[in-house]
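Visitor: I'd like to learn how to read a few features of a fold. Could you walk me through this one?

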Amino acid sequence: MELHLEKLVKDFAEVRALDTGDLTIQDGKLTGLLGPSGCGKSTLLYLISGLQSPTSGRIFFGDRDVTLLPPEKRGIGLVFQNYALYPHMTVEQNIAFPLVNQKVKKEEIRERTEEMAKLVQIGDLLKRKPSQLSGGQQQRVAIARALVKQPEILLLDEPLSNLDARLRLEMREEIRRIQIETGVTTVFVTHDQEEAMSITDEIVLMKKGIVQQQCAPQEMYLNPGNQFVASFLGNPPISYFRFPVQDGCLQISDTCHLPLSLRHEGAVVTGIRPEAWRKGDGLAVQVQAVEQHGKDNQITFQLAGTKARALLDVTEPVRVGDTVSLTLDPRFVYFFDEATGTRLYGEAGQ
Ligand code: ATP
């Protein structure tokens, strides 16, 4: 079910929590709503669910205008970070609850409950109470309960944030598997860029209630639309520099200049991702710190008065105090207008 949000606005007293413009969420895909705390992710999810009403704008599920419909009439499944299971009911009763409410026949309830329990792989836990389950198992029950109604849209509000790091990894893969198996259009709220990058088909990245960019995760990483997007994605993060541009060249240091095809009046901020740096004949820098990041060594050095990070192949040994010579891969170098953070398009050549 494709989801269209038309100029949705939500105000809380003086605060404009959300102003989305027009936004389409793709049918059958897993879309991540991503952004820092307070950017309006949960508000957007609550508007889609009907738990809150917009100040203005309209919400369409396909061709159906649901703006004024209460949550139970929208055909949605909701999963919250605290699971919200009924503690006095068994797993089976929890999953079956929405169907009992809808007065579905007993035999069908049993079949659909078992099918859902199997889908989320808790078929052997049906007689337990929520208190006898781990966090991950409780989350599986919550997902089964949301899906048993066969919703057209599944809404997940930070579903993994109460789990420890290992379980979070496991459950995010599970959410992806379940979403692919069921094909249900899913909106997943998270503030964790890695989570969003790893399992979504598309990310909607928000800041202060406004959508900054919407596209596939890889595309957003490789092609950020503005400085906020470039900063929000990437670990270790991008570093920024204010190199002078002179005679069509970026003056990285006294000895290192990069030809630059950029026409821009005014100050340019250069963003360099850590993976842009390569060992090679170019800029000599002194290594201040070394951290091992899996297959890479992260080295830290000073450049134009700013801390810079480079990821170098771990098989090439490097120690604190070493001088290394680096070149830049221009694919991971971006330019932004200093005043607005808008991306400036141009290339730095070697
Ligand atoms: P988090 O990741 O911390 O949950 P979020 O991105 O989900 O944040 P929202 O909870 O949607 O952000 O909040 C967006 C903005 O709206 C914030 O500035 C918040 O303080 C404000 N806000 C949310 N709910 C209310 C409310 N009921 N009354 C007043 N302001 C609110």
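Guide: We'll take a helix pair, then pockets, then two backbone details, bearing in mind that this is a predicted model.

Visitor: Let's start with the helices. At roughly what angle do the axes of α4 and α5 cross?

Guide: Look at the closest approach and the angle together. Helix α4 covers residues 135–147 and helix α5 covers residues 165–182; their axes come within 11 Å and cross at roughly 20 degrees. Angles under 35 degrees count as roughly parallel, so α4 and α5 are roughly parallel to each other. As for handedness, the crossing of α4 past α5 is right-handed.

Visitor: Which residues make the contact?

Guide: From α4 you have G136, Q139, R140, I143 and L147. On the α5 side, the contact uses L167, E170, M171, E174, I175, I178 and T182. Sort the residues of this contact by class and you get six nonpolar, three polar and three charged.

Visitor: Now pockets. How does one go about finding them?

Guide: Rolling a probe the size of a water molecule over the atoms shows where empty space is left. Here, the largest pocket holds about 520 Å³ of space. It is lined by 21 residues, and those closest to its centre are I76, G77, L78, P98 and K149.

Visitor: Which elements give two or more residues to that lining?

Guide: Those are β7 (76–79), α2 (91–101) and α4, so you've met one of them already in the helix pair. The largest share, four residues, is from β7. By class, the lining has 14 nonpolar, four polar and three charged residues.

Visitor: And what is the volume of the second largest pocket?

Guide: About 170 Å³. Its lining has 13 residues, with P330, R331, V333, G346 and E347 the closest to the centre. Three strands, β22 (333–337), β23 (343–344) and β24 (347–348), each supply at least two lining residues, and the largest share, three residues, belongs to β22. This lining divides into eight nonpolar, two polar and three charged residues.

Visitor: On to the backbone. Where is P236, and is the peptide bond joining N235 and P236 cis or trans?

Guide: For the bond, check omega: it is about 0 degrees between N235 and P236, a cis peptide bond. P236 sits in the loop between α8 (227–232) and β12 (239–241).

Visitor: Last one: is phi of A13 positive or negative?

Guide: Positive, near 50 degrees, in a residue other than glycine. You'll find A13 in the loop between β1 (3–12) and β2 (15–19).

Methods. Residues are numbered from 1 along each chain as its sequence is written. This is a predicted model: local features need pLDDT of at least 70, side-chain atom pairs count only at pLDDT 80 or more; totals for chains, interfaces and linings use all residues. Side-chain values use heavy atoms; hydrogens and water are left out. Axes are lines fitted to C-alpha atoms, for helices over the stretch in contact, and angles run from 0 to 180 degrees between N-to-C directions. Angles under 35 degrees count as roughly parallel, over 145 as roughly antiparallel, 65 to 115 as roughly perpendicular and the rest as oblique. A crossing is left-handed if the near helix is turned anticlockwise from the far one by less than a right angle, and right-handed if clockwise. Contact means heavy atoms within 4.5 Å. Ala, Val, Leu, Ile, Met, Phe, Trp, Tyr, Cys and Pro count as nonpolar, Asp, Glu, Lys and Arg as charged, and the others, Gly among them, as polar. On a 1 Å grid over the protein atoms alone, a cavity is a set of points where a 1.4 Å probe fits but cannot get out, and a pocket is an open set with protein on both sides within 12 Å along at least five of seven lines; lining residues have an atom within 4 Å of a point. Grid points are joined across faces, edges and corners, and a volume is the space filled by probe spheres set on the points.
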